[in-house]
Amino acid sequence: MNQRNTTNRIFIPKEIVKNKKESEESTPEDLIFDEANKSEKIQEQKDQLKELNEEKELLNEKKRNLKKEEEIQKNKSSIKRIDELAAKVEKSMEEQTKK
C-alpha cells in the first residue's frame, strides 16, 4: 500500500471556530459595566472641563494685572489653548452621550 509513516510526527489540530452568535451576545453584567464605564468617562470629562474653566478664569484675572505686552500675549495664547481644549472635551462628551 501507498501510505506515509507518521509514527514520529506530531500533528497540531486546527483551531476550532466558535459560532459568532455566541460571541456577539453579551451578558447583562457586560451591559451594566459598559454603561458604568461610559458614565465614568463622561464624569471625568465634566471634571476636566470644570478644571479648564477654573484655569481660564484665573488667567483672565491675571490678565488684568499684566502690564508687559509680551506677558499679555502669552496669557492670551494660554486662554486660547484652554478654549480649544474645552471645545475638544465638549465634543468628546457629546459623542459619548450619543453612543
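Which residues of helix 3 are buried? In this predicted model, they are Ile-72, Asn-75, Ser-78, Ile-79, Ile-82, Ala-86, Val-89, Met-93 and Gln-96. Part of what covers them is helix 2, residues 28-65.

Helix 3 itself runs over residues 69-98, which makes 30 residues. At 1.5 Å a residue, a helix of this length should span 44 Å, and the C-alpha atoms at its ends are 44 Å apart, so the expected and the computed span agree.

Several of the buried positions on helix 3 belong to the largest nonpolar core, which has eight residues in all. Its members are Leu-49, Leu-52, Leu-59, Ile-79, Ile-82, Ala-86, Val-89 and Met-93. Helix 2 and helix 3 each supply at least two residues of this core, and helix 3 gives the most, with five. Leu-49 shows how one core member is placed: leaving out residues up to four places away in sequence, Leu-49 touches Ala-86, Val-89, Glu-90 and Met-93. Of these, Ala-86, Val-89 and Met-93 are also listed in the core.

Gln-96 also lies in helix 3. Its relative accessibility is 16%, and it therefore counts as buried, the cut-off being under 20%. Apart from neighbours within four places in sequence, Gln-96 is in contact with Lys-38, Ile-42 and Gln-45.

Turning to charged pairs, the structure holds two salt bridges. One of them joins Lys-56 and Asp-83, with 2.8 Å between the closest N and O atoms. This pair links distant parts of the chain, since Lys-56 is in helix 2 and Asp-83 is in helix 3, 27 residues apart. Both partners fall between the limits for buried and exposed, which are under 20% and over 50%: Lys-56 is partly exposed because its relative accessible area is 25%, and Asp-83 counts as partly exposed because its relative accessibility is 33%.

The other salt bridge is formed by Lys-74 and Glu-70, whose closest N and O atoms are 3.8 Å apart. Here both residues lie in helix 3, four residues apart, or about one turn of the helix. With a relative accessible area of 52%, Lys-74 is exposed, and Glu-70, at 55%, is exposed as well.

Key
Residues numbered from 1 in each chain as written. Predicted model: local features only at pLDDT ≥ 70, side-chain atom pairs only at ≥ 80, totals over all residues. Heavy atoms only, no water. Expected span 1.5 Å × (residues − 1). Buried < 20%, exposed > 50% of the residue type's maximum accessible area, 1.4 Å probe, protein only. Contact = heavy atoms within 4.5 Å. Core = buried A, V, L, I, M, F, W, Y, C linked by side-chain atoms within 4.5 Å. Salt bridge = Lys/Arg side-chain N within 4 Å of Asp/Glu carboxyl O.
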